[in-house]
Amino acid sequence: AVVSTQSTGDHLPLTIIQYKDAEGFDLHGGNLDEKGEWMQDLSYECRFGKISCNLLNVAIPLDKTEPGDGGFVIIPGSHKANFPIPPEIAECDKLDENNYLINPALNPGDVLIFTEAATHGAFPWRGPTESRRTVFYRFCPPNFAYGRGYFDKNAELVKELTEQQSVVLQPPFVPRLNRLHLEDDGSVGCTVRSEIKMNYDREVFDSDYF
């Protein structure tokens, strides 16, 4: 699945604030770079009946947005593109000249999910509020990483995390190495490595994992 029970949080959660009449954020993302070469880091694929992507965004708006207010925009279907976006249409500073972009209606608390392989950006903010605020969470496959910022397991905040939250905030490594994961019902499970292999690593490497 695009987000599986074994996905891991990538980057630390963050909030973006865009103030009134602030400039837009040029189009970015996509599974191709400016030269038209495939970017595995952000790729989206559908193979053998399964959809997957290497970086998924979950955005929660804190302010109401109507089409034409500005803020988040996206090119529908661009996650399947095989050609890079032309530089001359990548700028988002003008509201009226980019009619290929969708500026969706969003209410506070909505959940907007999109793959980073889709080309997206932001129009200048022209809405009724003084600012537009959005909370972002990003997720990767369990053995994949995009960002470098990961939760410090020794941080004071760790005491406030639920078991499920701690599982999602694990650093990336392959599931078969005894990785904890969330089951469909929200309980915590574990992909158990064979005891024979665990004992071998302890004997040879003097460690549970090498």
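Before anything else, a word on terms: two strands are said to pair if DSSP finds at least two bridges between them. With that in hand, let me take you through this structure, which is a predicted model, starting with one of its sheets and then moving to the empty spaces.

Four bridges join β6 to strand β8, residues 120–123, and the two strands run antiparallel. One of the residues you can look for here is F72, whose bridge partner in β8 is A122. These two strands belong to an open sheet of three strands, in which the order is β2-β8-β6 and the pairing is antiparallel. If you ask which strands form the edges, they are β2, residues 25–28, and β6, since each of them pairs on one side only. From one strand to the next, the twist averages 30°.

Now to the empty spaces. Rolling a probe the size of a water molecule over the atoms shows where empty space is left. How many cavities of 30 Å³ or more does the structure hold? There is one, and about 50 Å³ of space lies in it. Its lining is made up of P61, T65, G70, G71, F72, N103, P104, L106, R132 and T134, so please notice that F72, the residue we met as the bridge partner of A122, turns up here again. Two elements give two or more residues to this lining, namely β6, residues 71–74, and β9, residues 131–140. Sorted by class, the lining residues of the cavity are four nonpolar, five polar and one charged.

Let me turn to the pockets, beginning with the largest, which has a volume of about 430 Å³. It is lined by 24 residues, and those that lie nearest its centre are I16, F25, H28, F136 and R138. Which elements give two or more residues to this lining? They are β1, residues 8–19, then β2, then β5, residues 56–61, then β7, residues 112–115, and finally β8 and β9. The lining of this largest pocket divides into 14 nonpolar, seven polar and three charged residues.

The second largest pocket has a volume of about 320 Å³. Of the 20 residues that line this second pocket, G29, L32, D33, E34 and I85 are the closest to its centre. Here the lining has, by class, twelve nonpolar, six polar and two charged residues.

To finish, I would suggest finding β6 on the structure in front of you, as β6 is an edge strand of the sheet and also gives two or more residues to the lining of the largest cavity.

Key. Residues are numbered from 1 along each chain as its sequence is written. This is a predicted model: local features need pLDDT of at least 70, side-chain atom pairs count only at pLDDT 80 or more; totals for chains, interfaces and linings use all residues. Side-chain values use heavy atoms; hydrogens and water are left out. On a 1 Å grid over the protein atoms alone, a cavity is a set of points where a 1.4 Å probe fits but cannot get out, and a pocket is an open set with protein on both sides within 12 Å along at least five of seven lines; lining residues have an atom within 4 Å of a point. Grid points are joined across faces, edges and corners, and a volume is the space filled by probe spheres set on the points. Ala, Val, Leu, Ile, Met, Phe, Trp, Tyr, Cys and Pro count as nonpolar, Asp, Glu, Lys and Arg as charged, and the others, Gly among them, as polar. Axes are lines fitted to C-alpha atoms, for helices over the stretch in contact, and angles run from 0 to 180 degrees between N-to-C directions.
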